[in-house]
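I opened this notebook to record what I looked up in the structure, one topic at a time. The entries follow the order in which I went through them.

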Amino acid sequence: MLTAASAPPPEVDVSITGLRNSKGQVLVCLTTNPKAFPDCSKDKASVRMAVAASAAAHFKIAAPANGTYAIAVVHDENSNNKMDLAIFLPKEGFGFSRNPTITVGAPSFKSASFVVTGDTAQTIKMKYML
């Protein structure tokens, strides 16, 4: 019998739509830290992973615990583990949980955040500027 203490961590079921090709990988960041969004490198507690672009239509992320999270994804077409820019504009695709409107710069953590209380799902639509 499972008790609350031994329950598996909640999972976020992620679907990505609008990838323009299956080259490279999709870099994924799941964080609860508004200051570390969308660049998880400043959040040691974030969940970061790379998913082959050919397999990114549907995958799961294990969330460390219930809480308020936001997801940022980058279609790293050349597999160099970063978002490439051309004069301040992303050359590669990106997306965020809850698909907030993008104007200038990344959306706020609040506009991309969602609550995890057990298994949940997010569909992220990729955007390409160039």
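**Entry 1, aromatic rings.** I began with the rings, and I note at the outset that the model is a predicted one. Ring pairs join Phe-37, Phe-94, Phe-96 and Phe-109 into a cluster, and I counted three aromatic pairs in the model. For Phe-37 and Phe-109 I found ring centres 6.0 Å apart and planes at 80 degrees, which is over the 60 degrees required, so I entered this pair as edge-to-face. Phe-37 sits in the loop between β2 (25-31) and β3 (47-52), while Phe-109 belongs to helix α1 (residues 109-112), so the pair ties together parts that are 72 residues apart in sequence. I also looked up their accessibility, and both Phe-37 and Phe-109 are buried.

I then turned to Phe-94 and Phe-96, whose aromatic pair is tilted, with 5.9 Å from centre to centre and 55 degrees between the planes. Phe-94 has a relative accessible area of 6% and is buried; Phe-96, with a relative accessible area of 7%, is buried as well.

**Entry 2, the disulfide.** Next I searched for cysteine links, and the count came to one disulfide. This disulfide is formed by Cys-29 and Cys-40, with their sulfur atoms 1.7 Å apart, and the angle of 55 degrees about the S-S bond makes the link of Cys-29 and Cys-40 right-handed. I placed Cys-29 in strand β2 and Cys-40 in the loop between β2 and β3, so the pair ties together parts that are 11 residues apart in sequence. As for accessibility, Cys-29 is buried with a relative accessible area of 6%, and Cys-40 counts as buried at 3% relative accessibility.

**Entry 3, the largest pocket.** I asked which residues lie nearest the centre of the largest pocket. They are Pro-38, Asp-39, Ala-72, Val-74 and Met-83, out of a lining of 27 residues. I noted a volume of about 600 Å³ for the largest pocket. When I sorted its lining by class, I had 20 nonpolar, four polar and three charged residues. I also checked which strands contribute, and β2, β3, β5 (67-76), β7 (89-90) and β8 (94-96) each supply at least two residues of the lining of the largest pocket.

**Entry 4, two residues at 0% accessibility.** I looked up Ala-56 in the loop between β3 and β4 (58-62), and at 0% relative accessibility Ala-56 counts as buried, since the cut-off is under 20%. Leaving aside neighbours within four places in sequence, I found Ala-56 in contact with Ile-16, Leu-19, Val-26 and Val-51. Of these contacts I followed up Ile-16, which is 40 residues from Ala-56 in sequence but 6.2 Å from Ala-56 in space, C-alpha to C-alpha.

My last look-up was His-75, which I found in strand β5 and which also counts as buried, at 0% relative accessibility. What does His-75 touch, not counting residues up to four places away in sequence? My list for His-75 reads Leu-19, Asn-21, Lys-23, Gln-25, Val-26, Ala-53, Glu-92, Gly-93, Met-126 and Tyr-128. I note that Leu-19 and Val-26 appear among the contacts of Ala-56 and again among those of His-75.

Notes. Residues numbered from 1 in each chain as written. Predicted model: local features only at pLDDT ≥ 70, side-chain atom pairs only at ≥ 80, totals over all residues. Heavy atoms only, no water. Phe/Tyr/Trp six-rings, centres within 6.5 Å; stacked < 30°, edge-to-face > 60°. Buried < 20%, exposed > 50% of the residue type's maximum accessible area, 1.4 Å probe, protein only. 1 Å grid on protein atoms, 1.4 Å probe; cavity = no way out; pocket = protein on both sides within 12 Å on 5 of 7 lines; lining within 4 Å. Points joined across faces, edges and corners; volume = space filled by probe spheres on them. Nonpolar A, V, L, I, M, F, W, Y, C, P; charged D, E, K, R; others polar. Disulfide = S-S within 2.5 Å. Contact = heavy atoms within 4.5 Å.
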